Structure formats: structure tokens, C-alpha cells
Amino acid sequence: MSLIAFDFDGTLSDSEMTVLLARRAGVADEVAEITERAMNDELSYAESLYRRAELLDGLDEDAVAAAFDEVTLRSGAGELIARLQADGHHVAVLTGGFERGVERALATEGVEADTIVANRLPMAGGKLTGDAEGPLIEGTKDDALAELADDLGVPMAETVAIGDGANDLPMLEVAGLAVGFVPKDAVRPVCDAVVASMFRLGKVLESYGVLSPES
């Protein structure tokens, strides 16, 4: 068994959850600018997430639910997750995004991750509080990956990390196999392979012996 850790926003999904939420709050441009700066390593992830969450202060539950309903997986992502699980691998989603959006998108495709490590946007009185909480705000994905691998008894050499942005760098650097999904320039140098589709990712995982070839 290998541990396969996916980033979510920009990797498993081409949705950006904070942008979907921001459109409904009327602050899409401001949030997109902060997101881009963070992905290019100009802002710390924690600072960027707190800033974006603050802009969403007061967004009501119905608008939040509608935004999360718009989160979708990339073409072929659901099938790839199912193939990995059928081959006996543990599939994890390690994301600075939000648990509700991840769960919603996976459920829409009829798949589940074995583990989701994600953040949350707390609500009070039916509205977002403007705060954010969770293990991957201040915490880093290398620690999350190592902890999960330890729990599962999987050597780090048997881990695979797939991501695209600066906050994926820590897990890509420590994983046995690092795959960049249309990675940002700061991320590309640490990647063992770079792909631009779930189909190509499947082929790369086959070439490294992680996945059995499709018959």
C-alpha cells in the first residue's frame, strides 16, 4: 500500500473555494489577488487565508452552501481516486481549502477520500464569522503527510504527493514521489514529474509502478 496525497484547489479541482465564496460576497477581485500572491510564495499561506476569510465576514449560510455546491472535481479525478483505492492505496486530500467543499465535490462524483485534512470557516448566527480554523493554516503539509504515513505504517519512500502551489512545496519535498499538476514556477523544480490532466497523472503513476496499467 502507498499513501497518495492530493492537494485539492488547483489539483484535484480547478475550483478555488475562496473565489467561489468571494463572488457571492462581492469581493472576488480582492480574494483572487490575495490567492495569487500566496500561490507564488509572496505571502505566507496563513496570512493569505486569514485575509481572505476576513473578506467573507457576514456571508450567510445559504450563500456558503451554494458556493460549496459549485465545487467540482477535474475530469477523470473521481475515476483515478477509485482506481488507486481499488489497487489498495490510501488516498488522502491535504488542503488549505475547506472540508465542506472537498466532501461535496467528492460525493458528487460518487467517491470518498480515505482521509481529508482540511480547514474550516466557522459560522455564528447563520453567517461566516470572518475567521478560519484548522490544521493546515499554520500547520504544513509535510507534517500532515508524515503524521498520516506514520499512523498507517507507510514508509515516506512509499508516499506520493500531487500539488500545484507554494503551500504544497513542503509535502512535495518530503514525499517519495512528487508530481506537479500544472505547477507554479516556484514548485516545478522539486517535482519528479509534471502533468496537466488526470489522464496523464494516471500514466505517470503507472510508469512509477504505483498503479496497475488499465487493461
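This is a short guided tour of the structure above, one selection at a time.

The model is predicted, so local features need pLDDT of at least 70 and side-chain atom pairs count only at pLDDT 80 or more, while totals for chains, interfaces and linings use all residues. Residues are numbered from 1 along each chain as its sequence is written, and side-chain values use heavy atoms, with hydrogens and water left out.

**Stop 1: Lys 141 and its partners**

Select Lys 141, which lies in helix H7. Helices (H or I, at least four residues) and strands (E, at least two) are DSSP runs, numbered from the N terminus. Is Lys 141 buried or exposed? Lys 141 is buried, at a relative accessible area of 3%. Here, buried means under 20% relative accessible area, exposed means over 50%, and partly exposed falls in between (1.4 Å probe, protein chains only). These areas come from the Shrake-Rupley method with a 1.4 Å probe, and for residues only the protein chains shown count as cover.

Now show the side chain of Asp 7: the side chain of Lys 141 makes a polar contact with it at 3.0 Å. A polar contact is a pair of N or O atoms within 3.5 Å; within protein, one must be able to donate a hydrogen and the other to accept it, and residues adjacent in sequence count only if both atoms are side-chain atoms. Add Leu 94 as well, since the Lys 141 side chain reaches the backbone oxygen of Leu 94 at 2.9 Å.

**Stop 2: further along helix H7**

Stay with helix H7, residues 141-152, and select Glu 147. Glu 147 is exposed, with a relative accessible area of 54%. Add Asp 143, Asp 150 and Asp 151, and you will see these three gather with Glu 147 in a patch of negative charge on the surface. A patch is made of residues with over 30% relative accessible area and no salt bridge, with like charges joined within 9 Å and nonpolar side chains (Val, Leu, Ile, Met, Phe, Trp, Tyr) within 5 Å. Lys and Arg count as positive and Asp and Glu as negative, while His and the chain ends are not counted. The place of a charge is taken as NZ of Lys, CZ of Arg, CG of Asp or CD of Glu.

**Stop 3: salt bridges**

How many salt bridges does a search of the whole structure find? The search finds 12. A salt bridge is a side-chain nitrogen of Lys or Arg within 4 Å of a carboxyl oxygen of Asp or Glu.

Begin with Glu 70 and Arg 24, whose side chains meet in a salt bridge (2.6 Å, N to O). This pair links distant parts of the chain, 46 residues apart: Glu 70 is in the loop between helix H4 (61-69) and helix H5 (77-86), and Arg 24 is in helix H1 (residues 17-25).

Next, select Glu 61 and Arg 100, a salt bridge with the closest N and O atoms 3.3 Å apart. Glu 61 is in helix H4 and Arg 100 in helix H6 (residues 99-108), 39 residues apart. Glu 61 is partly exposed at 30% relative accessibility.

Then move to Asp 69 and Arg 104, which meet in a salt bridge at 2.5 Å, N to O. Asp 69 lies in helix H4 and Arg 104 in helix H6, so this pair ties together parts that are 35 residues apart in sequence.

To finish this stop, select Arg 83, Lys 203, Glu 206 and Glu 214, which are linked in a network of salt bridges.

**Stop 4: Thr 35**

Select Thr 35 in helix H2 (residues 28-39). Thr 35 is buried, with a relative accessible area of 8%. A polar atom of its side chain lies 2.9 Å from the backbone oxygen of Val 31.

**Stop 5: three places in loops**

Go to Thr 11, in the loop between strand E1 (3-6) and H1. Thr 11 counts as buried, at 0% relative accessibility. Select Phe 181 too: the two residues are 170 residues apart in sequence and 5.9 Å apart in space, C-alpha to C-alpha.

Val 182 sits in the loop between strand E7 (177-181) and strand E8 (193-195). Most residues other than glycine have a negative phi. Val 182 has a positive phi of about 40 degrees although it is not a glycine.

Finally, select Glu 109, in the loop between H6 and strand E3 (115-119). The C-alpha atoms of Glu 109 and Gly 176 are separated by 28 Å, with their positions 67 residues apart along the chain.
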